[in-house]
Amino acid sequence: MNVESTKGLGLSAGLGRDEIYRVCEAGYNEVANKIVHHPAMSELEKFGGIIFSRPLSRPEMALFFATIWAFFKDVPAGIVALAARVTDEWIKEDMWNGTAKAAHILYASVDEYGLHQHSKHMLPTHHQMFKQLTTHLGLSDTELFNPQYILPEGTAMGNNTHRMYRSEYLGEALGFHLASEMTSSREFQIFLKGFQKYAEEYGLVDEDDPVLAFFAIHCEVEPMHVATGREIMISYLEKHPNIAPQAMRGALAFMDGFEQMFAALNRRLA
Ligand SMILES: [Fe+2]
Ligand SMILES: [Fe+2]
């Protein structure tokens, strides 16, 4: 199915519920396939090749962490903004289920904000884990915020994240979010493996050193985030099939920026 062809789909087209779901699932698959086969994924693998081959020097670590921070800093609030928008939009048409639909997005925020064991206590947020790790590695805020280390492609990813999650086209935001979750899944496995491989050089007790929590936690939660990203995308396609081209656009905006960011890092670290 071509995403363009979903335009005008719906109950009015005389399709049964199951049939609609299948068409929307195919629309989702089309976006997901574009993400998985985007050249950004090979740039990411290339980056993996570099960090598996040797430990990063201190200025290289500064470059890596300062650049990804310029991007990651905007992720949690972006997800919350998108969840609020989905709630607002959905309750206009389906009052009692708006929050339930938005929960698929908000679920990722629960992890970002350290709330997944809220009945017991609050856990460190992903941002706090990032800080714990970079502090352990000896990187100061001055280095992390030093424009000399922040590649412009990382800043562009942060700016895109801020803008796209709040895009006036909800489909774009959902596509962008899906791409973010799908790339995270692989990205953090690579980061974790690279740092575990040179545990001694990075001053880690062993491969399971808790200071690697920032990487390890993402490896645990991302499959669930992808599953919820899929659910909300299919739900929205069922309701508004015309968002399919927007979703593709949003996913590609993420992937293009992600490719540029890793290509820039790879050039500097090669
Ligand atoms: Fe995170
Ligand atoms: Fe995630």
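Q: What makes the radius of gyration of the protein chain agree with that of a compact globule?
A: In this predicted model, the protein chain has a radius of gyration of 19 Å, and a compact globule of 270 residues would be near 18 Å, so the two agree. Along its principal axes, the C-alpha trace spans about 65 × 45 × 30 Å.

Q: How do you know which share of the residues to call buried?
A: A residue is buried if 20 or more other C-beta atoms lie within 10 Å of its own. Of the 270 residues of the protein chain, 41% count as buried.

Q: What do the contacts in the protein chain join?
A: Among contacts between residues at least 6 apart in sequence, 80% join residues at least 24 apart.

Q: Which secondary structure does the protein chain have?
A: The chain comes to eleven helices and zero strands. Its pattern along the sequence is accordingly written α-α-α-α-α-α-α-α-α-α-α.

Q: Why does the span of helix α9 agree with what its residues should give?
A: Helix α9 covers residues 170–197, and at 1.5 Å a residue its 28 residues should span 40 Å; the end C-alpha atoms are 41 Å apart, so the span agrees. Helix α9 nevertheless has a kink of about 30°, centred on S184.

Q: How does the reach of helix α10 compare with the expected value?
A: Helix α10, residues 213–239, has 27 residues and reaches 38 Å from its first C-alpha to its last, close to the expected 39 Å.

Q: Where does α10 bend, and what follows within four residues?
A: The bend, of about 40°, is at V221, and the proline P223 follows within four residues.

Methods
Residues numbered from 1 in each chain as written. Chains lettered and ligands numbered in written order. Predicted model: local features only at pLDDT ≥ 70, side-chain atom pairs only at ≥ 80, totals over all residues. Helix = DSSP H or I, 4+ residues; strand = E, 2+ residues; numbered from the N terminus. Expected span 1.5 Å × (residues − 1). Bend = angle between axes of the 7 residues up to and from the residue. Rg over C-alpha atoms; globule rule 2.2 N^0.38 Å. Buried ≥ 20, exposed ≤ 12 C-beta atoms within 10 Å, placed from the backbone. Contact = placed C-beta atoms within 7 Å.
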